[in-house]
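Here are a few exercises to work through with the model open beside you. Try each task before you read its solution.

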Amino acid sequence: MFAPCIVMLCVAFANAQQPQRVQQWRFEQTNFSGSVLRGLGSAKATTVKPPEFDDEGLLIFSGEQHLLVDQSSVPDLPRGSFTVEAWVRLEQTDRWGGMFGCLQKVDASGGALNGWKGWSLGTNAERFEMRCSDGDKLIAATATDPIAFGEWQHVVGVCDTTKSELRLYIDGKLSAEMGFVADSISYPDASFNTPLAIGWCEAEGKAYSIMGHVRELRLYEGVADESLIAAHVEWSQELPDRALEFSVRPGVRFLTPTSAEIRWDTTVAGEAGVAYGPTKKLGKIAFSSSTGRSHRVTLTDLIPGKNYWYRFGLVEDGKRTFSPLYQFDGTMNYSPPVTDVAADQELVDRIRSSLDQLGGFAVVEQGIDPAWAEAVADATSMTVVVCADEQQQMDQLRRRWYEQDAYGIRLSVQDPSSVPAAFSNLVVVDGAGALDGLRWRSATGCVIALHQRPEAAELQWQKFGSDAWFGRPANTSEKVAEWGHQYGSAGNAVYSGERLDEIDKTEDLEMRWIGRPGADFGTDRQPRMPAPLAIGGRLFHQGMNRMIALDAFNGAVLWSLEIPDLRRVNLPRDSSNWCADANQLYVAVKDRLWVIDAASGTMKDALVLPEPFAEAHEWGYLANTDDLIIGSATKAGSAYTSFFGRYNWFEASDAASTAKVSGDALVAYEKTAGSVRWTYPADGIVHSTIAIEGSHIYFVEVDDPSLKDAKTGKLLDSQIWPSASIVCLDSRTGEKLWQSASPVSQDQVLISFGISDDSQYILQTSAGGYYQLAAFDAETGKPTWSRDVKWSADDHSAHFQHAIAMNDRLYVHPEILDASDGSVIQTGTLGTRRGCATPVGLGNAVLFRGGSGPISFWSLKSDTRTEITRMRPSCWLSTIAAQGMLFSPEGGGGCSCGGWMETSIGFAPKSSKVKK
């Protein structure tokens, strides 16, 4: 199959100035004898684990597998200029990765880059990298573009001692070069016993292996010129499988403990399927019934609690294309078991069609026929609690359902006195009775009343069969506090209006629910993930490329999704990737905006950016108003996604941590029609400064046409502030209302936040030991006041906290300012903080990390601190107040500074009914 390509390659060799090939390794199964790989000549390398091969016969690098070369079987390693070449298809990367090299840190006393000897071709987070020691320190040429996971790529590293350069080529194009001043390559001496390794490297005292496939590796003495590299790229383009291109990225929705739905869209039509299995060998295939571009399959044979690897394939015109290898975590499948115990299928169908949300809890009042409980269980995924006050009836029902494998998670029997108030999603009561059971209904719960329609003004009733009525919450003008955006509202107040019945101390709270998810759901506490959302009776939380929906009032898991391309981090320098209204969740997943049904987790739509931004841009900023979805188009790959290692704490003040993600346009979509209402193009719009209040959209705009040619939307301060201004648009039309000069002149700005209320827009920045706040009139854009607030410290995020706008004041630790003119109301207040989390407004208190680090309240009444012992938030924002409650979904996993309870909890003020 490859013979013509090989002939052409030989011709290219003959016509080029060839470096001398000294090592060559091909990783097909036919080249192995047990664990030993035969290379060029008599060269040998041995796998550290028994080798496993995929269906193409290629060695699987699983993240634990690598090979060690028998250095007595190969020529001496190059001392002068050399070239290393690889054909690889990586599936995912860690903080570091090695494809081929001999590299070791021999002097632990030096800095991070000092004390290294040797070289390595590998990866740095999500980019390829060529690393080489100049005898003193490590020099690295890092690719400008991210790795194309799941796609064969040709990677060449050149160490040119003659030209004093280190060069990296990706698919034939020069991707990076660095100065490299050394006459010869310095290796560790023999006492270090440094291995020549394939698929492995050492960094930061840890070993890192790659995940994916390597088809071939070559090592040359001498420098490969660009014509030779180009000839090899032509060969790589003839490899048997190409990367599958998605139009809508894949997502997995768990259905039952043993089943999951996987959906994806491709850019071309064809026969498609997903191969899956508990190991990287996969083993099973589920074929899509569609030969078009949109695909959906249901896996029905999953082992509960098992992790599965999966990969997509497509046949187009007889050619195969494959996706990267993905994994979903079966331990994150919280779906309850399915029951089949009801005798009345018509009643089951009627219940299912009447409910907007099928998950949660249901309570059946004592004295009601248990057949109603069985019908509710079969129709929904709710845990159904039957109330009974006679032991004999309890025993009979428990025995009956136990024999049907339904008792426990799905059906249970309890004394009515043990059932908590205001927690149930569905209550079945005798409408002719005392209606005591209505106390169990949550703020968004429904009621089935038998025999007679109750007089309950808070419910809207409709006939439900011949002798029953169905009641759902009535529309009410009472305002309920919602947390639908990263900082509460689109105005970024870090305050939702939720005052928690005016409490100011943690002891005034009581726990309403405790449970999932735990720490294994999340990425880590440190990389500053998106905040949870709480709206419409639900709580939404993101984890490690996954999201979950909980019932706000009882903590029941409603649904969860595994989305490999979801992750976004370093929110202080970007915007969140999601927002929500009462019915829908809006999620940015690469170049599509997913519109997800809030009750079920099903995808309703996937919106495409308008031209000219559809091809090379992704969704960046997101917000929603009553009738619009407002987002930005940002250059592909601009969002922060790396999370592993201390560098990805984003605490440092260097450009790698503080570059601010910007968009090339704002776009407004109609919620109902999904059509574009308006587009506002710009050279740069700084995401973290966008704030929306009423009909006004405010942001920092950069006027620099050269940014259009930039490869990334991450902008340095030197690119932003010399040509920045404050802009206000009409959110209904996209028309510019005013533009005002930016007050920022610093060249090292740690953060830039936009905050808005009815009367003004406030730009908050941080630099040089101070927070700077500057206010602009909402109608005219004229500057109205400015104020500097000295940092309380310069570590653990004390120097880039987000201000709170609440009670007509601004809370900027350690001061409280009058929001109308910036004057100082109180200084040296808001408690002694400990830890990274940004504070949250609670009306009469400010939530922060104080004392030894737990969640704490600083009372604005008494200037005292109280705490929730052993509970901590994430390093940015994971504890929020809305819908009458305080929610703390687990965000502190990975922390080493305390014995924290790594669980999710919902709190409410004591002795108060959750607001409806």
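The exercises below deal with cavities, one helix and some backbone angles.

This is a predicted model, in which local features need pLDDT of at least 70, side-chain atom pairs count only at pLDDT 80 or more, and totals for chains, interfaces and linings use all residues. Residues are numbered from 1 along each chain as its sequence is written, and side-chain values use heavy atoms, with hydrogens and water left out.

**Exercise 1.** Find the largest cavity and describe its lining.

*Solution.* Start with the term: on a 1 Å grid over the protein atoms alone, a cavity is a set of points where a 1.4 Å probe fits but cannot get out, and lining residues have an atom within 4 Å of a point. The structure holds eight cavities of 30 Å³ or more. Next, take the largest, with about 160 Å³ of space (a volume is the space filled by probe spheres set on the points). Its lining has 18 residues, and Gln-486, Tyr-487, Asn-492, Ser-575 and Tyr-621 lie nearest the centre. Finally, look at strand β44 (residues 617-624), which supplies the largest share of this lining, three residues; strands (E, at least two residues) and helices (H or I, at least four) are DSSP runs, numbered from the N terminus.

**Exercise 2.** Examine Asn-492, a residue of that lining: is it buried or exposed?

*Solution.* First locate Asn-492 in the loop between β34 and β35 (509-515). Then check its phi, which is near 65 degrees, a positive value in a residue other than glycine. Most residues other than glycine have a negative phi. Lastly, Asn-492 has a relative accessible area of 9% and is buried (under 20%; exposed is over 50% and partly exposed in between, with a 1.4 Å probe and protein chains only). For comparison, Asn-807 also has a positive phi, near 60 degrees, but at 30% relative accessibility Asn-807 counts as partly exposed.

**Exercise 3.** Which residues of helix α3 (residues 345-354) are buried, and where do they lie around its axis?

*Solution.* The buried residues are Leu-347, Val-348, Ile-351 and Ser-354. Seen down the axis, they fall within an arc of 140 degrees (taken from the directions from the helix axis to the C-beta atoms), so they line one face of α3. Their cover includes α4 (370-379), β32 (441-450) and β34 (468-473).

**Exercise 4.** Where does Pro-612 lie, and what is the peptide bond before it?

*Solution.* Pro-612 is in the loop between β43 (603-608) and β44. The bond from Glu-611 to Pro-612 is cis, with omega near 5 degrees.

Methods. 1 Å grid on protein atoms, 1.4 Å probe; cavity = no way out; pocket = protein on both sides within 12 Å on 5 of 7 lines; lining within 4 Å. Contact = heavy atoms within 4.5 Å.
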